[in-house]
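Please look over the sequence and the model before reading on, and keep both in view while the paragraphs below lead from the ligand to the packing of the helices.

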Amino acid sequence: MQNYREEKIDHVRELAMRVLQRVHVEDAYANVALAETLREVQLPERDRRFLTELVYGVTKAGASLDYMIGCYVADIRKAQPAIRELLRLGFYQIFCMDRVPPSAACNTAVELAKKHGRRGADAFVNGVLRAALREPERAAFPEGRDAYALALRTWHPKWMVERWMRTYGYERTEELCRCNNTSAPLSVRVNTLRTNRDALMEQLTAAGAQVRASAWVPDGIVLAAHGALDELAPLREGLAQVQDESSMLVAHILGAEPGMTVIDACAAPGGKTTHIAQRMENRGRILAFDIYEEKMRRIERNAKRLGISMIETQMRDAREIGAAYAEQADRVLVDAPCSGLGVLRRKPDARWKKSVRDAKTLPSLQRDILASAARAVKHGGILVYSTCTMEECENAAVVRAFLETHADFALEETGAFLPMQKTTERMVQIMPETDGPDGFFIARMRRL
Ligand SMILES: C[S@@+](CC[C@H](N)C(=O)[O-])C[C@H]1O[C@@H](n2cnc3c(N)ncnc32)[C@H](O)[C@@H]1O
């Protein structure tokens with residue numbers, strides 16, 4: 001007979017099993033599937049954290065966890081989806097978590113296999129997990145400094161590690177990979193249309209969060225500890241917007257002023273659009289484009305919550321902007337669709353969903369969007385190109401190729417427009433493992 005606490009933990013692990021099945025079988029996004037479950041089931045804070053750690057951990061560990069299981073099981077793909085997830089959860093708790101007693105991980109997996117598996121599934125799960133407890137050395141990853149070994153040890157796809165090793169070398173790649181397995185810092189942007197940073201920091205502290213002022217932007221606050229975000233009143237009431245510090249740099253570099261006309265070419269969900277609007281004191285015109293209907297609605301909802309009325313949203317492919325708005329904008333932002341390798345900490349499944357093909361196809365889309373959007377910039381106006389990746393072929397190479405064919409644009413000293421750090425960089429590259437915030441690239445150009 002289980003005691004009350006164990007019963008509750010079983011419930012959490014069962015929820016984790018269900019969320020992981022949605023991720024691996026239905027291809028749901030881990031953060032979305034988890035958020036939906038957390039909304040449906042009222043869990044105490046401690047259980048919320050445990051569930052999140054299980055789902056995020058198993059998802060991030062991905063192929064590395066399956067490699068370990070494969071040291072005890074002939075072919076994990078042949079197991080029922082629920083049993084696969086129970087084994088993954090079991091291995092994750094046994095090998096990757098310090099504070100879970102291995103016997104608890106094992107026992108609850110067996111109980112859940114009895115409930116969700118075919119006949120004999122519980123004995124199978126019991127056998128595999130007991131073997132892992134008895135002979136953990138069998139699951140050891142290969143040693144060595146090759147990409148495959150590093151990829152296994154740091155839970156990344158081999159192709160990604162290979163690419164980074166070519167660019168950054170072994171040590172830096174290892175640091176970057178390890179950083180991707182930590183939880184990302186959470187920051188919010190002060191809605192300066194309604195409050196100021198000191199007042200908001202006081203309110204967030206009163207609401208139970210631990211806060212500090214951003215070292216990157218004057219309108220950023222980093223939350224060290226906090227409860228459920230949607231329960232923080234200042235966020236609900238539109239006094240702040242969740243946004244990474246790197247992403248907040250973009251509006252500072254764009255430098256839009258009240259009364260200007262601004263085009264945000266790839267705007268959804270509107271993190272940067274609403275920041276630009278704040279810096280323009282909600283005066284002037286911002287045209288925000290994207291290609292997905294639902295995403296456009298998110299910009300509108302965000303703007304409404306923050307009390308911003310100057311944003312006009314429109315479904316439009318950014319590659320059409322040049323023809324439709326030639327020389328009409330004082331500022332144009334191209335926050336381009338990209339491989340997103342700078343934000344892998346935040347999206348536990350992203351590394352496994354990307355492919356080496358993205359890095360081959362994205363630059364041509366990015367070049368096309370930039371070339372079209374550039375035509376909308378007035379002479380003397382500013383064009384900013386940004387991505388949330390560190391991949392050279394999507395960043396500096398795109399900007400260089402653009403400048404080579406557009407003699408009427410000149411690269412500015414991008415860093416000079418930053419408020420606090422990296423102020424001497426021509427093109428700004430933020431690296432998560434050395435700088436702290438998300439990986440990000442920003443370049444500012446002027447039309448002559
Ligand atoms: C990096 S995200 C933008 C994030 C946004 N700027 C923010 O700060 O919240 C890139 C966006 O580009 C959009 N996108 C992709 N292809 C596009 C295209 N051809 N034209 C316009 N937008 C596009 C995607 O839907 C996605 O919302």
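A residue is counted as near a molecule if one of its heavy atoms lies within 4 Å of that molecule. The model is a predicted one, and in it there are 20 residues around the ligand, of which Gly-271, Lys-272, Asp-290, Ala-318 and Asp-335 come nearest. Polar atoms of the protein can be paired with particular atoms of the ligand: a nitrogen atom of the ligand lies 2.7 Å from an N or O atom in the side chain of Asp-335. The backbone takes part as well, since a polar backbone atom of Gly-271 is 2.9 Å from an oxygen atom of the ligand, and a polar backbone atom of Cys-266 is 3.0 Å from a nitrogen atom of the ligand.

From the ligand we turn to the helices. Two packed helices are described by the angle between their axes and by the distance between those axes. For helix 3, which spans residues 45-70, and helix 4, which spans residues 81-96, the axes come within 8 Å and cross at roughly 95 degrees. Because angles of 65 to 115 degrees count as roughly perpendicular, helix 3 is roughly perpendicular to helix 4. On the side of helix 3 the residues that meet helix 4 include Phe-50, Leu-54, Val-58 and Ile-69, and among their counterparts in helix 4 are Leu-87, Phe-91, Tyr-92 and Phe-95. The residues of this contact divide into eleven nonpolar, two polar and three charged.

A second pair is formed by helix 5 (residues 102-116) and helix 6 (residues 121-134), which pack at an angle of about 165 degrees with their axes 7 Å apart. Since an angle over 145 degrees counts as roughly antiparallel, helix 5 is roughly antiparallel to helix 6, and the crossing of these two helices is right-handed. Helix 5 contributes Pro-102, Cys-106, Val-110 and Lys-114, among others, while the residues from helix 6 include Ala-121, Val-125, Leu-129 and Leu-133. Here the residues of the contact divide into nine nonpolar, two polar and three charged.

The last stop is a single residue, Arg-197, which lies in helix 10 (residues 197-206). Leaving aside residues up to four places away in sequence, Arg-197 touches Val-190, Ala-213, Ser-214, Val-217, Pro-218, Asp-219, Gly-220 and Ile-221. With one of these, Val-217, there is a polar contact, in which the side chain of Arg-197 reaches the backbone oxygen of Val-217 at 3.0 Å. Arg-197 and Leu-239 are 42 residues apart in sequence, and their C-alpha atoms are 9.9 Å apart in space.

Conventions:
Residues are numbered from 1 along each chain as its sequence is written. This is a predicted model: local features need pLDDT of at least 70, side-chain atom pairs count only at pLDDT 80 or more; totals for chains, interfaces and linings use all residues. Side-chain values use heavy atoms; hydrogens and water are left out. Axes are lines fitted to C-alpha atoms, for helices over the stretch in contact, and angles run from 0 to 180 degrees between N-to-C directions. Helices (H or I, at least four residues) and strands (E, at least two) are DSSP runs, numbered from the N terminus. Angles under 35 degrees count as roughly parallel, over 145 as roughly antiparallel, 65 to 115 as roughly perpendicular and the rest as oblique. A crossing is left-handed if the near helix is turned anticlockwise from the far one by less than a right angle, and right-handed if clockwise. Contact means heavy atoms within 4.5 Å. Ala, Val, Leu, Ile, Met, Phe, Trp, Tyr, Cys and Pro count as nonpolar, Asp, Glu, Lys and Arg as charged, and the others, Gly among them, as polar. A polar contact is a pair of N or O atoms within 3.5 Å; within protein, one must be able to donate a hydrogen and the other to accept it, and residues adjacent in sequence count only if both atoms are side-chain atoms.
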